[in-house]
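Me: I've just opened this one and could use a quick tour. Can we go through it together?

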Amino acid sequence: MKKLILIDGNSIAYRAFFALPLLNNDKGVYTNAVYGFTTMLLKIIQEEKPSHMLVAFDAGKTTFRHKTYEEYKGGRQKTPPELSEQFPLIRELLDAFNIKRFELDNYEADDIIGTLSKEAEKEKWEVKVVSGDKDLLQLVSDYVTVVLTKKGITNVESYDEALIDEKYGIKPNQIIDMKGLMGDSSDNIPGVPGVGEKTALKLLKQFGTIENVLDSVDDVSGKKLKEKLIENKEQALMSKELATIFTEVPYNLTLDELKFGEYDEEKVVSLFKELEFKSLVDQFDTGVSAAEKELEELSFDVVEEVKEEHLATPAAMVVEVLDENYHQADIAGFALVHEKGRYFIPTETALRSDLFVEWAKDETKKKWLLDAKRGVVVLGWKDVLLDGVDFDLLMASYLLDPSHSSHDLSDIATRKGAKSIQADEAVYGKGAKRKVPETGVLAEHLVRKANVIYELKEQMEEELKKNEQFKLFKDLEMPLSVVLGRMETEGVKVDIDQLKAMGEDLASRLAELEKHIHEHAGVSFNINSPKQLGEVLFEKLGLPVIKKTKTGYSTSADVLEKLAEDHEIIRHILHYRQLGKLNSTYIEGLVKVTHKDTSKIHTRFNQALTQTGRLSSTDPNLQNIPIRLEEGRKIRKAFIPSEEGWKILAADYSQIELRVLAHIAQDEKLITAFKEDMDIHTKTAMDVFHVSEEDVTSMMRRSAKAVNFGIVYGISDYGLSQSLGITRKEAAKFIERYLASYPNVAEYMERIIEEARENGYVSTLLNRRRYLPELTSRNFNQRSFAERTAMNTPIQGTAADIIKKAMVEMALRLEEANLKSRLLLQVHDELIFEVPPEEVDKMMKIVPEVMENAVELAVPLKVDISAGDTWYDAK
DNA sequence: CCGATCACGTA
DNA sequence: AACGTACGTGATCGAA
């Protein structure tokens, strides 16, 4: 027997929205209604196992009922935008499930449902109507059941004729009479004033219909009621009409078209992932589809000896390394997929084959990878200089949307609708349990990965082109990954003995400080534990609590500084913290990762992580080596050239972010200031405080500097007040004066937010993108954050674009000029090289030239450069 | 053996 | 009501 489920889409979405807290995914898109809708849908499918389904939605604002009664549904709250924005997602969800959805101008979802339920009834189908609206009870019949939500979303009650009789003592077709009499405030149906459910039901039991009531109004008991009925006769009849579901909606569907059955599980899972419905993803991923995935066959060969035929190009290539840190790591195996076939090549087979090695090194043989830098570095350690990398799926995915937290191949595959594959974690295990699986499993997994890369290349490039990001991808990020790979492999030489000596010095000073602190406190405790420290300071010593964290007292440096006058112990704690940080993070940390034989450190630059386009550095992080305080700065003395007599050369952009701001905002005053190479903070102070250069005090300059920082970060009065230690009001006044002095900057800030709201994203000079869905959030904090991000990202991102371009250009120049100098590190706005003595003069010219001319802006770019025997001395 | 939290280093 | 942008690492703590 056929079973049709008709769902009132709007009603269920509303119910779900109000029943659940406002969830959102990591992009800030609200998803609670979608989630509730989904659980409801899944429950229905599971329990009812329908053969046919349809979800009806209300179409426009006005319906035929408004002709009868203009005020119909008047006074209703506007749909909250947090809900409106979820309707497209619900539609997407239904499409993924291959469930028909329907809406029609001039009619409500009720009418569509009514019409189709009558239609199905004629065919003797079993019909279930799902809604939160009691009006629909009028459709109940021998064939039609109405399922109403009770509480929450999945708590429901099924109404058949018997239950309606039990609850109301009337027949389904009398529901409209009931509504006519009592009205419905949510639809703004007036009914008869003074008549509620009780009276309405009493009347209907006696008379059957409104018409009969009115005809026999004399028989109605109660004088008042009688008067009301007579007085509101027309209104009662009209109310009944409004409550009556119209069952002859013109529709162009056949019942057969509502068939429900097969749908694309991968599409569903992919959508769930996007929405971050983790529990549902698990339910689906490990359930049916995973089993089916296993069955989907993919043929491939295991190569025993590499031959020409295995090396056709272009080829998708997998160089598998299980360690997250790929330096000097073992290769688990290779996979190649190209026109001629799919191959797994065991590591030894590949590396001992001259044919393979030559092919890898051949620039003209095009290779497509996921994470090209990883491949380049890993093979580099085996003295195989991988070349001809023509496509990097990781970079493509990152550029298209940097916000995705994972650019794991299985995630990309799911997002982009490619053949799904198992996640690495599922194949290899995680954490301590991670290991190379048996060869058969490994081979198949690698081939599948290569296959997905092969499958996605064209599509990803198309998407990049559509976004006008192809040049950024191909001419900047791809070449940069090779440059970075070389930097990582080269590594930075460290004077390990010096590090250790500094460590010993620190250790003894720390022991001394610890003793003092314990004496002052009167107890021995772990100073490194904020919890214990808090107890000592705020309970035992009774110092005033300045700030709390969600777990207890805050003992952060800015809090402690405020307490410095109150107790001698504070000074010691701050000093202990400072030295402790240096010792554990920078001495012990660096010693741990310095290679025994070479005394070199090989960081990894993550090129596909930050939301702004900057690089990051891990294992170790060489982008946060101390410099501000002399004590910490000395760490840099341990960073030395890798060859005798060479120098370390450091070149940094001066005020690159403010220059970028001047360019983007096209602010004449700022542009002129930079053209004249003025001290920008002094200049800002002059403009904000309306004084001449001589009259700028150091206090004024300090304030101006903080405002300039604030502007770049996306200013807020609160943030500025914190950094300057002034009130919010004063900070707000500062900002106001700044923006008045630089009207184009003010205009930029407004424009960029406006633009971002319209486009959904902001862009940098070289078309890097960042999506900001939270800009429309109703949550003040989320929205404010998105607004600051919209202001900051084009600035920080453009600065990142510029230095990346300089790096690629610099690598080219070094090669062309046959120089031995090597680029070692990048720290956001500076480049660190090691340089043989005879090249120092040349490099002092070339580096600034390349960096300053990386792009052409409305302002000049300025680079400061210096050389020394260590990183410390290159200042 | 992990994940969360705090604190703190850089641009 | 709670907040300046972008990161990574180490220590602690409480749970698996």
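**Domains, DNA and a helix pair**

Reply: Sure. UniProt has an unreviewed entry, "domain: DNA-directed DNA polymerase family A palm", for residues 632–839. Keep in mind that this is a predicted model.

Me: OK, what's the helix and strand content over residues 632–839?

Reply: That stretch is 59% helix and 12% strand, with its end C-alpha atoms 30 Å apart.

Me: Which residues does UniProt give for the 3'-5' exonuclease domain?

Reply: The record, again an unreviewed entry, puts "domain: 3'-5' exonuclease" at residues 300–465. In the model, that span is 43% helix and 16% strand, and its end C-alpha atoms lie 32 Å apart.

Me: Switching to the DNA. Which residues come nearest to DNA strand C?

Reply: There are 36 residues around DNA strand C, and the nearest of them are N526, S529, D619, G710 and F785.

Me: Any polar contacts there worth looking at? What does D619 do, for instance?

Reply: D619 uses its backbone: an N or O atom there lies 2.7 Å from a phosphate oxygen of DNA strand C. Q532 uses its side chain, where an N or O atom is 3.1 Å from a phosphate oxygen of the strand. For N621, a side-chain N or O atom is 2.9 Å from a sugar or linking oxygen of DNA strand C.

Me: And how much of the DNA side within 4 Å of the protein is sugar or phosphate?

Reply: Of the strand C atoms within 4 Å of the protein, 65% belong to sugar or phosphate, and the rest belong to bases.

Me: Which element supplies the largest share of the surface near DNA strand C?

Reply: That's α35, with 7 residues. It spans 780–816, and the elements that each supply at least two residues also include α24 (530–540), α26 (568–593) and α31 (698–713).

Me: What kinds of residues make up that surface?

Reply: By class, the surface near DNA strand C has 21 polar, 8 nonpolar and 7 charged residues.

Me: New topic: how do α1 and α2 pack?

Reply: Helix α1 covers residues 9–19 and helix α2 covers residues 32–48; they pack at about 115°, with axes 7 Å apart. The crossing of α1 past α2 is right-handed.

Me: Which residues make that contact?

Reply: From α1 you get G9, I12, A13, A16 and F17, and from α2 N32, A33, G36, F37 and M40.

Me: And how do they divide by class?

Reply: The contact of α1 with α2 has 7 nonpolar residues, 3 polar and no charged.

Terms used. Residues are numbered from 1 along each chain as its sequence is written. Chains are lettered from A and ligands numbered from 1 in the order in which they are written. This is a predicted model: local features need pLDDT of at least 70, side-chain atom pairs count only at pLDDT 80 or more; totals for chains, interfaces and linings use all residues. Side-chain values use heavy atoms; hydrogens and water are left out. A residue is near a molecule or strand if one of its heavy atoms lies within 4 Å of it. A polar contact is a pair of N or O atoms within 3.5 Å; within protein, one must be able to donate a hydrogen and the other to accept it, and residues adjacent in sequence count only if both atoms are side-chain atoms. Helices (H or I, at least four residues) and strands (E, at least two) are DSSP runs, numbered from the N terminus. Ala, Val, Leu, Ile, Met, Phe, Trp, Tyr, Cys and Pro count as nonpolar, Asp, Glu, Lys and Arg as charged, and the others, Gly among them, as polar. Axes are lines fitted to C-alpha atoms, for helices over the stretch in contact, and angles run from 0 to 180 degrees between N-to-C directions. A crossing is left-handed if the near helix is turned anticlockwise from the far one by less than a right angle, and right-handed if clockwise. Contact means heavy atoms within 4.5 Å. UniProt positions are given in the numbering used here, feature names are shortened, and annotations may be inferred rather than shown by experiment.
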